[in-house]
Amino acid sequence: MRYKIKKETKPTLSTFGKYKAVAVHNQTIESRQIYEEAARHMSISGGALEGLMMTVAEVVRRHLQNGDKVRLKEWGMLKLEIESDKVDDPKAFRAKKHIRGVRLHFLPESENGSPELYKDITFEKEKQ
């Protein structure tokens, strides 16, 4: 995994002005490419796999929006979390005023606390 060193530029953070490693992403792989690559390992067409994946995505989205956590074997757990302002009095809390948004959290499947997703990653500083 390639990384570069970047200066923290948000003045509101306690780490403002310090340097950190950030991932360098090579490209974005679109779903069509994923379907075609996966279909080559199976006895179905890329189009059939795409239809299946779109259906799974719709079902997963519905469950997440209903407040469920979704565990996908070999992938991990997906769940939605609310980001909100903090208030001193719970009676003063108003959803429309204090909820800033929703974030998707992905927790990779792990065995003994070591996610398979992170195994065998090596780090290489990007050449400028």
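User: Where is methionine 1 found in this predicted model?

Analyst: Methionine 1 sits in the segment before β1. Along with Met53, Trp75, Phe106, Leu117, Tyr118, Ile121 and Phe123, Met1 makes a nonpolar surface patch of about 860 Å².

User: Thanks! Why is glutamate 8 called buried?

Analyst: Glutamate 8 has a relative accessible area of 8%, and buried means under 20%, so the label fits glutamate 8. This residue lies in the loop between β1 (2–7) and β2 (19–23).

User: What makes the pairing of glutamate 8 with lysine 20 a polar contact?

Analyst: The two side chains meet at 3.0 Å, and the cut-off is a pair of N or O atoms within 3.5 Å. Glutamate 8 also touches other residues, including Leu13, Phe16 and Gly17.

User: How do you know that arginine 103 and glutamate 83 form a salt bridge?

Analyst: Their side chains are 3.8 Å apart, N to O, and a salt bridge needs the nitrogen within 4 Å of a carboxyl oxygen. The pair links distant parts of the chain, with arginine 103 in strand β5 and glutamate 83 in strand β4. Both belong to a network of salt bridges with Asp85 and Arg100.

User: Why is glutamate 116 called exposed, and why does lysine 119 count as partly exposed?

Analyst: Exposed means over 50%, so glutamate 116 qualifies at 54%. Lysine 119 has 38%, which falls between the cut-offs of 20% and 50%, so lysine 119 is partly exposed. Happily for the picture, these two also form a salt bridge, with the closest N and O atoms 3.3 Å apart.

Notes
Residues numbered from 1 in each chain as written. Predicted model: local features only at pLDDT ≥ 70, side-chain atom pairs only at ≥ 80, totals over all residues. Heavy atoms only, no water. Helix = DSSP H or I, 4+ residues; strand = E, 2+ residues; numbered from the N terminus. Buried < 20%, exposed > 50% of the residue type's maximum accessible area, 1.4 Å probe, protein only. Polar contact = N/O pair within 3.5 Å; in protein donor to acceptor, adjacent residues only side chain to side chain. Contact = heavy atoms within 4.5 Å. Patch = residues over 30% accessible without salt bridge, like charges linked within 9 Å, V, L, I, M, F, W, Y side chains within 5 Å. Areas by Shrake-Rupley, 256 points an atom, 1.4 Å probe, with all protein chains shown as cover. Lists of a residue's contacts leave out its neighbours within four places in sequence.
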